[in-house]
Amino acid sequence: MAWRCSGATNTELITNLFKNGLIKDARVKEAMLKVDRAHYAPSSAYEDSPQYIGHAATISAPHMHASAAESLLPHLAPGSHVLDIGSGSGYLTAVLAHLVGPSGSVIGIDHIQPLVDLADANMRKSESGREMLASGQVKFVKGDGRLGWKEGAPYDAIHVGAAAAEHHEVLVEQLKAPGRLFVPVDERGQQYIFVIDKKGDGRVVRERLFAVSYVPLTDAPGA
Ligand code: SAH
């Protein structure tokens with residue numbers, strides 16, 4: 001599948017992913033066209049595969065980023081407020097920021113300071129990224145994402161880009177009602193994507209989707 005969805009440019013990559021049904025939604029396609037993956041992936045940026053970014057972290061494959069954004073899409077309206085846990089390269093944070101627009105905001109959190117700095121530096125490679133950082137539409141912070149980020153709560157949507165060892169209830173607490181959490185969770189050695197909805201009346205509905213392979217959501221090195 002990967003070979004079919006590579007491209008010589010960002011536009012080619014995203015167009016091919018759309019043609020092959022790996023990006024389904026036009027809004028997500030538009031947002032991904034606006035973020036040059038070469039600013040975030042150190043090599044083979046226009047291939048549909050994950051790449052190592054240092055510090056035991058990887059930038060996820062673009063089809064996974066598309067799938068995450070599409071799962072959260074009903075909660076990514078213009079003006080929405082989003083938390084991206086395990087922001088790593090900052091790529092998805094940037095895509096989410098385009099989806100919520102200038103009246104919305106996205107906080108990217110990672111527990112490794114050099115990755116917080118890397119995400120910030122990656123975003124500064126484009127004019128739109130510099131503007132989003134200057135206006136506060138995007139902010140990168142250092143912290144343990146298993147605790148969410150209380151300072152910015154509540155959120156319309158929370159994305160978790162690393163596999164949790166358990167269901168962290170505090171993340172659900174930090175959702176608005178309605179709000180949605182996208183999180184990979186390890187169940188007896190197999191990771192699954194969970195989409196957890198907090199309904200308008202506060203009811204919580206948990207749905208297990210497909211099996212995945214993510215970097216674990218862990219203690220910070222040396223912690
Ligand atoms: N969405 C990112 C994924 C990076 S890999 C991207 O595509 O670039 C997962 C990230 O989760 C790594 O950057 C890692 O440092 C971070 N991470 C792991 N455990 C964490 C924790 N407890 N708190 C915050 N970030 C964590």
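Biologist: In this predicted model, are D197 and R180 buried or exposed?

Modeller: Both D197 and R180 are buried, and their side chains meet in a salt bridge with an N to O distance of 2.6 Å. The pair links distant parts of the chain, since D197 belongs to strand 8 (residues 190-198) and R180 to strand 7 (residues 175-187), with their positions 17 residues apart in the numbering.

Biologist: What is the general idea behind such a pair, and how many salt bridges does a search of the whole structure find?

Modeller: Side chains of opposite charge can pair when their charged atoms come close. The search of the whole structure finds nine salt bridges. Among them, E127 pairs with R130, the closest N and O atoms being 3.4 Å apart, and both residues lie in helix 6 (residues 127-135), three residues apart, about one turn of the helix. R130 counts as partly exposed because its relative accessibility is 36%.

Biologist: Which residue meets R203 in a salt bridge, and at what distance?

Modeller: The partner of R203 is D201, at 3.3 Å from N to O. D201 has a relative accessible area of 58% and is therefore exposed, whereas R203, at 48% relative accessibility, counts as partly exposed. Elsewhere, D144, R146 and D219 are joined into one network by salt bridges that share partners.

Biologist: How do the axes of helix 1 and helix 2 cross?

Modeller: The axes of helix 1 (residues 10-19) and helix 2 (residues 26-33) come within 9 Å and cross at roughly 165 degrees, which means that helix 1 is roughly antiparallel to helix 2. The contact involves N10, T11, I14 and F18 of helix 1 together with A26, K29, M32 and L33 of helix 2; by class, five residues are nonpolar, two polar and one charged.

How values were computed:
Residues are numbered from 1 along each chain as its sequence is written. This is a predicted model: local features need pLDDT of at least 70, side-chain atom pairs count only at pLDDT 80 or more; totals for chains, interfaces and linings use all residues. Side-chain values use heavy atoms; hydrogens and water are left out. Axes are lines fitted to C-alpha atoms, for helices over the stretch in contact, and angles run from 0 to 180 degrees between N-to-C directions. Helices (H or I, at least four residues) and strands (E, at least two) are DSSP runs, numbered from the N terminus. Angles under 35 degrees count as roughly parallel, over 145 as roughly antiparallel, 65 to 115 as roughly perpendicular and the rest as oblique. Contact means heavy atoms within 4.5 Å. Ala, Val, Leu, Ile, Met, Phe, Trp, Tyr, Cys and Pro count as nonpolar, Asp, Glu, Lys and Arg as charged, and the others, Gly among them, as polar. A salt bridge is a side-chain nitrogen of Lys or Arg within 4 Å of a carboxyl oxygen of Asp or Glu. Buried means under 20% relative accessible area, exposed over 50%, partly exposed in between (1.4 Å probe, protein chains only).
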